[in-house]
Amino acid sequence: MAEAPRHSRSRASGRSRRGFNLTPRQAFVGLAVVLAIVLVGLIVYLLNYIGRPESLTGVAPTAGVQPVWQVYGPGTGDTPLFSRPMGVAVGNGGRVYVTDSQNNRVCVFDSSGRFLFEFGGFGVAKPLQGSQNTYEPGRLNFPVGIDTDEEGNVYVASFYNDSIEVFDADGKPLRRFPDPETVVGRGSSGQDGLGIAVTDVAVFEDRIYATDQYQVFVFTLEGELLDQWGKPGVEPGDLDHPNGLAVGEDGTVYVSDSNHARVTAFTPEGEPLWNFGEPAQSAETSAATSTAGDDEPEKLIELPRGLAVAADGSVLFADAFRFGITRLSAEGEFIVTYGERGVDPGQFNFLNDVEVYRNFIVVADKENNRVQMIRLLN
């Protein structure tokens, strides 16, 4: 009689333990559900957090750069994040326009980095044989350079569509030039020798300047060709894949001659004024180096990209391979380079463009997939 209760208790205890046990399959499914919930929550958090402008005014400066804010994309819609933003421009009211190149759109933010709206969308104007033409007015195919005029209109270099798309300040398509199916002036580097494989665009007064693989083109605001200059070669005014363009208050045209590793200043008529840096083919000692004893000379310019002219007349350009912003005097003398490589606020990773806004600089930090507003110190 005494053993029965013990046996009964043992079975009861066993049933209790079995009630909390899970099979390996049940444990795996439960763990997978928990991880899925956590992952979804994390993604939602990141998309909302990264998409919003992040104020950085309390972050310490680094390498002469004081970060102000950064943003990784609109944070909303089907494509909330940037994919290799390559161009920046500041329009009326401090609006910041960004060419989100691989997403084939322009994203617009206010001067605090708050997302306002986007425009553009993918459209192919010059399809390869067997492909379909999907272009409609305002559609873009790998937009790169961008600028605005005094009225707030936006000019976008649509690289693979061999043309410039023009929008009003709110993203309404206005016109396109040049015709990507015609020869432009003495010819250009567009597909089949038609249109312009345009890499950057700059607006100055009533003139539009654009670069292709080896030339500078000058148009009226309506798109009528006025002038063109440049050719392949290594002479002072020759160009090799320029990717940056800016115009000073006196009409001087500054070009980032990327593959020649130099910046060239031209008169408004296209005559070279000075070069900072030299092509690798040149046998002369480059002025764009500095030496320290017997050490290897430091290159002061490696891969210049987007350009801007500061209020004091100095020239700022993004140097993708030096991971910084270099300042030159209006006469082409080296002053200083700001910045360093990294992913933290105020650091850069293959930056591609810069734009001046009041006392700040807006940067297309391409390989960090973000846009930063910074202040340059010293």
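1. A polar contact is a pair of N or O atoms within 3.5 Å, where, inside a protein, one atom must be able to donate a hydrogen and the other to accept it. With that in mind, and remembering that this is a predicted model, a reader can start at Gln-70, whose side chain makes such a contact with the side chain of Glu-54 at 2.9 Å. The side chain of Gln-70 is also joined to that of Arg-370 by a polar contact of 2.8 Å.

2. Where does Gln-70 lie in the fold? Gln-70 belongs to strand E2, which covers residues 65–71. Gln-70 has a relative accessible area of 4%, and because buried means under 20%, Gln-70 counts as buried.

3. Arg-370, the partner of Gln-70 in the 2.8 Å contact, also takes part in a salt bridge, in which its side chain meets that of Asp-365 at 2.8 Å, taken from N to O. Are these two residues buried or exposed? Asp-365 is buried, with a relative accessible area of 0%, and Arg-370 is likewise counted as buried at 0% relative accessibility. Elsewhere, Arg-84, Lys-366 and Glu-367 are joined into one network by salt bridges that share partners.

4. How many salt bridges does a search of the whole structure find? The search finds 12, and one of them brings together the side chains of Glu-118 and Arg-105, with an N to O distance of 3.0 Å. This pair links distant parts of the chain, since Glu-118 sits in strand E6 (residues 115–120) and Arg-105 in strand E5 (residues 105–109), and the two residues are 13 residues apart.

5. The two ends of that bridge should be looked at separately. Glu-118 is partly exposed, with a relative accessible area of 38%, whereas Arg-105 counts as buried because its relative accessibility is 4%, and the cut-off for buried is under 20%.

6. A further salt bridge is formed by the side chains of Asp-257 and Arg-262, which meet at 2.9 Å from N to O. Both Asp-257 and Arg-262 are buried.

7. The last point concerns a pair of strands. Strand E23, residues 324–328, and strand E24, residues 334–338, pair in the antiparallel sense over four bridges, and Ile-325 stands opposite Tyr-338 in E24. E23 and E24 form a hairpin with five residues between them. Which residue in the turn has a positive phi? That residue is Gly-332, with a phi of about 90°. When viewing these strands, a student may recall that in a regular strand the side chains alternate between the two faces of the sheet.

Conventions. Residues are numbered from 1 along each chain as its sequence is written. This is a predicted model: local features need pLDDT of at least 70, side-chain atom pairs count only at pLDDT 80 or more; totals for chains, interfaces and linings use all residues. Side-chain values use heavy atoms; hydrogens and water are left out. Buried means under 20% relative accessible area, exposed over 50%, partly exposed in between (1.4 Å probe, protein chains only). A salt bridge is a side-chain nitrogen of Lys or Arg within 4 Å of a carboxyl oxygen of Asp or Glu. Two strands pair if DSSP finds at least two bridges between them.
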